[in-house]
Amino acid sequence: MKISVIQGPNLNMLGVREQNIYGPMKLEQIHAQMKDFASQNNIEIEFFQSNLEGEIVDKIQECYGEANGIIINPAAYTHTSIAIRDAIAAVAIPTIEVHISNIHRREEFRQKSMIAPVCASSIIGFGPFGYHLSMLGMAQIFNEMQAVKAQQEQKAK
Ligand code: DQA
């Protein structure tokens, strides 16, 4: 199983930006923890961060035929980007949206996610632990898909 982790704008500033909202953990530390979990669970993982919408769209497209799952925090683009939403819909790879903060408790403009309707799940407000939860969730989605596939193969025999 291969997971692609895609991080949107300003998440490279974690540990510096608004620590009262996002906490002290740096993005590298979050990724190191995800990498540990991945290696313990036989999961291949790659990380990508960009401040540019088009680069995020390109990265999602590159996942087509390559990744079994996408974990994405589109950051501010969550609330604006139809292009990122369309890219997720286009590749049709199971995708989990993560937000460090509880966007529903914040400003009104953050309460709408353009991305959520094309995602398998959204994990919101758990701080950096949400990324760990997203790995567990993705492993579960993958196991369920494998089980369905095995059933179908059994039926076809
Ligand atoms: C965020 C929430 C967004 O509203 C914000 O623009 C971010 C981070 C989060 O992880 O809580 O940059 O996606």
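A polar contact is a pair of N or O atoms within 3.5 Å. Keep that cut-off handy for the exercises below, and remember that the model in front of you is predicted.

**Exercise 1. Find out which residues surround the ligand, and sort them by character.**

Step 1. Start at the ligand and look outwards. Around the ligand you'll meet Arg17, Tyr22, Asn73, Ala75, Ala76 and His79, along with His99, Ile100, Ser101, Ile103, Arg106 and Arg110.

Step 2. Now sort that shell. You should end up with five nonpolar, four polar and three charged residues.

**Exercise 2. Check the distances from oxygen atoms of the ligand to alanine 76, histidine 99 and isoleucine 100.**

Step 1. Take alanine 76. One of its polar backbone atoms is 3.2 Å from an oxygen atom of the ligand. With a cut-off of 3.5 Å, that pair fits the distance for a polar contact.

Step 2. Move on to histidine 99. This time the side chain is involved: an N or O atom there is 2.8 Å from a ligand oxygen.

Step 3. Finish with isoleucine 100, where the backbone does the job, with an N or O atom 2.8 Å from an oxygen atom of the ligand.

Step 4. Then see how well the ligand is covered. On its own the ligand would expose 330 Å², and the protein buries 99% of that.

**Exercise 3. Work out where the ligand sits and describe the lining of that place.**

Step 1. Locate the ligand: its home is the largest pocket.

Step 2. Get the volume. The largest pocket comes to about 150 Å³.

Step 3. Look at the walls. The lining has 14 residues, and Tyr22, Ala75, Ala76, Arg106 and Arg110 are the closest to the centre of the pocket.

Step 4. Sort the lining of the largest pocket, and you get six nonpolar, five polar and three charged residues.

**Exercise 4. Search the whole structure for cavities of 30 Å³ or more and describe what turns up.**

Step 1. Count them: the search gives one cavity of that size. The largest cavity holds about 60 Å³ of space.

Step 2. Name the lining of the largest cavity: Met25, Ile30, Gln33, Met34, Pro128, Tyr131, His132 and Met135.

Step 3. Ask which elements give two or more residues to that lining. They are helix H2 (27–40) and helix H5 (129–156).

Step 4. Sort the lining of the largest cavity: six residues are nonpolar, two are polar and none is charged.

Definitions and conventions:
Residues numbered from 1 in each chain as written. Predicted model: local features only at pLDDT ≥ 70, side-chain atom pairs only at ≥ 80, totals over all residues. Heavy atoms only, no water. Near = heavy atom within 4 Å. Polar contact = N/O pair within 3.5 Å; in protein donor to acceptor, adjacent residues only side chain to side chain. Areas by Shrake-Rupley, 256 points an atom, 1.4 Å probe, with all protein chains shown as cover. Nonpolar A, V, L, I, M, F, W, Y, C, P; charged D, E, K, R; others polar. 1 Å grid on protein atoms, 1.4 Å probe; cavity = no way out; pocket = protein on both sides within 12 Å on 5 of 7 lines; lining within 4 Å. Points joined across faces, edges and corners; volume = space filled by probe spheres on them. Helix = DSSP H or I, 4+ residues; strand = E, 2+ residues; numbered from the N terminus.
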